[in-house]
Every structure is written in structure tokens, then in C-alpha cells.
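Dear colleague,

Here is the structure I promised to pass on to you. Please open it beside this message, and then read on for what was found in it.

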Amino acid sequence: MNLKEKKIIRANELAQLLGISTTTLWRWRRKNLMPQPIYLGPRMIGWRPEDVNSWLENASAQGGI
């Protein structure tokens, strides 16, 4: 899937794209190891593809997450 085609990436989808569990995703988020999500509703969050791409490029340049 091309991230540029998406407007918002939900947690399950992001975890799948990264090859990690949603539990790991929440741990990384709590430790500020990844971009903060945007809130779509009281109990709904997602990430902007450009934020995820930027984060992945920076992590890759630094040798990993």
C-alpha cells in the first residue's frame, strides 16, 4: 500500500505496515518513539501519512527505530 494514497492511518493498519503488534505500537507511542497521533474523535486516533513517512526516514537515517 502506498501511504501517500491514505489520508489517515489507523492504529491497526500502522502496526501491520510496521510489522509490529498494536501493543508495541502503544508502547512506542507512550515512550515518544514515534509521532503523536491526531485525534479523530473521543476514542479514535490516527496518524498522518506524511508524519509516519518523515519519522521512518529519520529512523532509517539514524540506523533504526
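Helices (H or I, at least four residues) and strands (E, at least two) are taken here as DSSP runs, numbered from the N terminus; in that numbering leucine 17 belongs to helix 1, which covers residues 11-18. Please keep in mind that this is a predicted model, in which local features need pLDDT of at least 70 and side-chain atom pairs count only at pLDDT 80 or more, while totals for chains, interfaces and linings use all residues. Residues are numbered from 1 along each chain as its sequence is written, and side-chain values use heavy atoms, with hydrogens and water left out.

Leucine 17 counts as partly exposed because its relative accessibility is 39%, where buried means under 20% relative accessible area, exposed over 50%, and partly exposed in between (1.4 Å probe, protein chains only). From leucine 17 to leucine 40 there are 23 residues in sequence, and 20 Å in space from C-alpha to C-alpha.

The largest nonpolar core (a set of buried Ala, Val, Leu, Ile, Met, Phe, Trp, Tyr and Cys residues joined through side-chain atoms within 4.5 Å) has 11 residues, among them Ile9, Leu14, Trp28, Val52 and Trp55. Helix 1, helix 2 and helix 3 (49-61) each supply at least two residues of this core, and helix 1 gives the most, with 3 residues. In soluble globular proteins, nonpolar side chains tend to be buried together.

In helix 2, the buried residues are Leu25, Trp28 and Arg29. Seen down the axis of helix 2, these buried residues fall within an arc of 100 degrees (taken from the directions from the helix axis to the C-beta atoms), so they line one face of the helix. They pack against helix 1, strand 1 (38-41), strand 2 (44-46) and helix 3, contact meaning heavy atoms within 4.5 Å.

Which side chain of opposite charge is nearest to arginine 29? It is that of aspartate 51, which is 12 Å away, and arginine 29 is buried yet has no salt bridge, that is, no side-chain nitrogen of Lys or Arg within 4 Å of a carboxyl oxygen of Asp or Glu. For charges, Lys and Arg count as positive and Asp and Glu as negative, whereas His and the chain ends are not counted. Leaving out residues up to four places away in sequence, arginine 29 touches Met34, Gln36, Pro37, Tyr39, Ile45 and Trp47.

With best wishes
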